[in-house]
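Visitor: I have a structure on my screen and I do not know how to read it. Could you take me through it, feature by feature?

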Amino acid sequence: MALATLRGVSFTYAYTNEPALRDINLTLEEGLLYAIIGPNASGKSTLCALLRGIVPLFHEGELTGSAEIRGRNLFDWDPAELSREIGYVFENPFTQISGIKETVFEEIALGLENLGMPSDEVIDRVEQVVEQLELGALVAKNPNELSGGQRQKVAFASIIAMDADVIVIDEPTSQLDPESSDAVFAIIANLKKKGKSIVLVEHKMDLVAQYADRVIALNGGRLVIEGPTSEVFTSPLLNASDIARPAVTDLAEALAKVGRPLARTPVTRAEAADLIRARMKGGPRANRSR
Amino acid sequence: MSSESGNSVAFGNRFRTHVDRGNPIRNMDPIVVFIVLVAIAIAPIAFPGFVAAAIVCLVYPVIALFAGVAREFLPTYLRLFLVVGLVLFVLRAAFIEGKDPLFRLGNIAPTWAGMEEGARFALLVMAISGAVTLFFNVATVRYLMLALELRGVTPRATYVILASFQSIIDLGRHARTVLEAQQSRGIETQGNIIVRARAFFPILAPVFLAAINQTEERAISLDARAFNSNVSHTHLVTLRPARPREIVFAVVVVAAVLVAFIGSALGWL
Amino acid sequence: MVNESAVVKFFKGYGRLTIFMMPIGIAINFIGGQIALLLKLPVYLDSIGTILVGATCGMGPGAVVGAISNILNAITSPPTLAFGVLNIMFGLLAGYLARRGVFKSWSKTLLSAIPFALIGGVLGAIITIWVFGGLAVGGGAIVVGALVALGLDVNTANFVAQVPMDILDKVPTVMIVFAIIKGIPNRTHAKLPLGYIYLGKNKAGASTKPSGTSVS
């Protein structure tokens with residue numbers, strides 16, 4: 001069963017003229033990490049909201065085409081059930097703190113209380129998540145007094161504590177420094193290893209290249225390309241639509257332009273390092289063959 | 001880090017037992033505290049004169065002392081006595097007309113009866129005010145909401161009250177930031193009343209609108225935390241159930257006050 | 001009969017954003033009052049949130065915002081509890097007037113200051129007279145005292161002091177409410193119980209559940 005199947009989906013928010021999504025055909029499989037990339041206002045957040053049913057159940061508008069989530073038509077889902085199966089972390093960390101809890105520990109526990117989990121289990125689960133995300137120093141703090149980055153981590157922790165099968169994350173690292181961004185992605189990769197399906201929006205292409213199984217590139221509400229990460233980043237389609245790529249991919253392309261291409265185009269840093277190392281060893285021969 | 005996670009385990013363990021607020025009175029069930037304080041507050045109405053009301057007003061500081069909230073309660077209560085109690089007393093004492101005024105000052109002719117009536121009324125108001133202030137100091141809104149939730153009140157209702165506290169803090173902070181920004185940009189917030197009144201609008205309208213614009217995201221984010229789920233919610237923080245002796249105490253107080261009212265109605269007092 | 005499902009229904013039945021608007025309405029009441037004090041304005045401006053929520057979410061939520069604001073105020077100033085019914089009435093009246101389209105035009109909104117001030121002034125005076133025998137504390141108490149000293153009888157003094165003060169308070173209040181309603185984006189109005197009024201729709205269109213291809 002696919003995580004989501006979209007056929008000819010277009011969506012226009014009520015009270016706007018331009019569609020946010022145009023004729024999207026897409027199948028997302030379970031158990032993978034999908035990254036949605038694209039310039040601003042390309043429909044990334046709307047696609048996330050659609051997977052979670054927020055569009056069009058909360059933000060109304062005109063939806064055409066058909067959207068199936070986990071084999072069931074979006075409109076046949078009970079919204080409460082959908083919110084339990086699909087965790088959703090969105091961009092703004094300030095509105096994701098409930099404002100009704102006194103400590104970070106209680107804030108993370110809120111979702112579990114709402115799910116009716118017995119309190120001893122709630123405590124164990126929150127402790128696990130706190131350890132996993134290294135939030136120990138924050139547990140006793142007032143979540144309403146945290147910095148943007150800290151709030152983002154708490155919001156993320158609050159959702160992964162709920163242990164949904166699918167987690168949609170709109171820009172998990174927008175407020176984080178590079179080190180914390182790496183840490184958050186390591187946790188996301190770990191979640192995938194445990195069998196979760198992940199869909200996230202991310203601007204840091206090096207992280208996308210390193211962690212995503214597949215990439216969905218959007219531009220102007222249209223699907224540019226969807227496929228395995230390395231294929232998408234090396235596709236000419238991506239180039240044509242002005243979407244950022246990992247730095248090493250750009251570098252390889254620049255090398256190719258000056259007549260010194262690598263054996264293949266890398267997308268991750270590790271790959272690039274290997275290729276460059278190989279070239280430095282076998283460099284002269286490679287050169288001679290040209 | 002191991003030391004940090006060690007902290008979180010220690011921190012989490014506090015939720016495994018009922019909340020201990022470190023004081024037997026503050027550990028009482030907020031609903032029981034409410035009932036007892038309401039009974040005490042209205043009791044003096046059953047008695048003639050101002051003595052009963054005065055006694056009740058003196059009982060509150062004693063309760064506050066034993067509950068360990070004297071530092072919060074006393075300044076507020078004293079201020080209320082000066083700002084409210086004293087004014088009520090003076091106005092009544094001065095304007096209630098009667099025979100044999102104590103002295104005359106223009107239209108003002110206070111009488112002994114007026115002074116007594118003024119004292120009774122001011123002290124009755126203070127008896128009720130003291131109960132309200134003491135209740136919120138002892139029980140606190142947070143624990144009252146928890147007690148209500150544990151009795152089946154929907155978290156949607158308690159959310160409104162709990163969230164309003166944070167909203168007051170957030171909006172207040174935002175409004176002051178905007179106010180300072182306006183001042184530094186040279187928009188006058190002092191000077192004559194028209195100038196000041198004109199400053200009011202550009203400070204508040206954007207702050208209020210920003211808060212309203214956030215409601216959509218707040219709705220989505222709480223929904224993502226299963227706020228709308230249909231199962232009955234559990235509670236990480238739990239209150240100790242009311243002890244039998246507390247309930248007996250509450251029943252005795254309420255019964256005594258009832259007897260006082262019945263007695264008053266039958267003319268015993 | 002009080003049962004929980006009625007409470008649940010109340011909170012669920014009033015549109016999806018209502019319970020998120022109510023805390024903000026309460027905060028607006030407080031901050032409006034605080035900034036008015038800070039700017040040393042001679043008006044309360046502490047019912048903006050009540051009227052705003054009444055006008056956008058309906059009579060019930062408006063009344064709840066008024067009631068809760070009053071209870072929270074009572075924490076530090078218990079005698080204000082006696083005037084709680086005023087705030088509740090403001091919320092109810094705002095919801096009622098909103099349904100009649102009053103807050104859609106600025107001139108009608110301006111005129112609505114009169115009924116609000118009459119409630120505030122007349123009902124406020126009546127409560128002062130009933131509960132406090134005409135000699136309450138607060139805004140007009142000293143004025144009332146002065147008027148009585150000048151020979152006016154206590155009841156008249158209350159009305160004379162309170163009604164004009166309330167007009168002065170309610171004119172800026174309703175105008176701010178009007179400006180905020182104008183500034184609320186359409187997509188937010190669409191999620192508020194009375195938003196249909198400001199979107200120029202009839203009620204039937206707004207109350208149907210969102211379906212596949214809703215809202216044209």
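## Domains, sheets and a core

Guide: Start with domains. The domain assignment splits chain A into domain 1 (4–245) and domain 2 (246–290). Keep in mind that this is a predicted model.

Visitor: How many Å separate the centres of domain 1 of chain A and domain 2 of chain A?

Guide: Taken over C-alpha atoms, the two centres are 34 Å apart. Where the domains meet, nine residues of domain 1 of chain A contact eight residues of domain 2 of chain A. On the domain 1 side, α8 (205–211) and α9 (229–233) of chain A each supply at least two residues. The largest share of that side is four residues, and α8(A) gives it. By class, the side of domain 1 that touches domain 2 has three nonpolar, four polar and two charged residues.

Visitor: Next, the sheets. How do strands hold on to one another?

Guide: Strands of a sheet pair through backbone hydrogen bonds, either parallel or antiparallel. Chain A has an open sheet of four strands, in the order β2-β1-β4-β5, with antiparallel pairing.

Visitor: Which are the edge strands?

Guide: They are β2 (21–28) and β5 (72–73) of chain A, and each pairs on one side only. Now follow one pair. Strand β1 (residues 4–13) of chain A runs antiparallel to β2(A), and five bridges join them. To find your place, look for A:Ala4, which stands opposite A:Leu28 in β2(A).

Visitor: Which helix packs on this sheet?

Guide: Helix α1 (residues 44–51) of chain A does, touching β1, β2 and β4 (61–69) of chain A. The direction of α1(A) makes about 120 degrees with that of β1(A).

Visitor: Is α1(A) mostly covered or mostly exposed?

Guide: Mostly covered. Seven of the eight residues of α1(A) are buried. Among them are A:Lys44, A:Leu47 and A:Cys48. Just after α1(A), look at the backbone: A:Gly53 takes a positive phi of about 80 degrees.

Visitor: What is the strand order in the sheet of six strands?

Guide: The order is β6-β7-β8-β3-β9-β10 in chain A, an open sheet with mixed pairing. Its edge strands are β6 and β10 (222–228) of chain A. From one strand to the next, the twist averages 15 degrees.

Visitor: How many bridges join β9 to β10(A)?

Guide: Six, between β10(A) and strand β9 (residues 214–219) of chain A, and the two run antiparallel. A:Arg214 stands opposite A:Pro228 in β10(A). Helix α6 (residues 148–161) of chain A packs on this sheet, touching β6 and β7 (166–170) of chain A. Its direction makes about 175 degrees with that of β6(A). Helix α7 (residues 178–193) of chain A lies across β3 (33–37), β7 and β8 (197–201) of chain A. The angle between α7(A) and β8(A) is about 150 degrees.

Visitor: How do I judge whether a residue in a loop is buried? Take A:Pro93.

Guide: Place the residue, then count around it. A:Pro93 lies in the loop between β6 (86–89) and α4 (104–114) of chain A.

Visitor: Why does A:Pro93 count as buried?

Guide: Because 24 other C-beta atoms lie within 10 Å of its own, and the cut-off is 20 or more. Beyond its neighbours within four places in sequence, A:Pro93 contacts A:Gly148, A:Arg151, A:Gln152, A:Ala155 and A:Gln175. A:Ser147 is 54 residues from A:Pro93 along the chain, yet their C-alpha atoms are separated by 9.2 Å.

Visitor: And what is a nonpolar core about?

Guide: In soluble globular proteins, nonpolar side chains tend to be buried together. Here the largest nonpolar core has 226 residues. A:Ile36, A:Ala157, B:Ala127 and C:Val177 touch the most other members. The largest share of this core, 15 residues, comes from α5(B). As for A:Ile36, its contacts more than four places away in sequence include A:Leu47, A:Val199 and A:Ile216.

Visitor: Last, how many residues does each chain give to the contact of chain B with chain C?

Guide: Chain B gives 49 residues and chain C gives 47 residues. On the chain B side, α8(B) gives the most, with 13 residues. That side has 31 nonpolar, 13 polar and five charged residues.

Key: Residues numbered from 1 in each chain as written. Chains lettered and ligands numbered in written order. Predicted model: local features only at pLDDT ≥ 70, side-chain atom pairs only at ≥ 80, totals over all residues. Buried ≥ 20, exposed ≤ 12 C-beta atoms within 10 Å, placed from the backbone. Contact = placed C-beta atoms within 7 Å. Nonpolar A, V, L, I, M, F, W, Y, C, P; charged D, E, K, R; others polar. Domains from an automatic or database assignment. Pairing = 2+ DSSP bridges. Axes fitted to C-alpha atoms, helices over the stretch in contact; angles between N-to-C directions. Core = buried A, V, L, I, M, F, W, Y, C linked by C-beta atoms within 7 Å.
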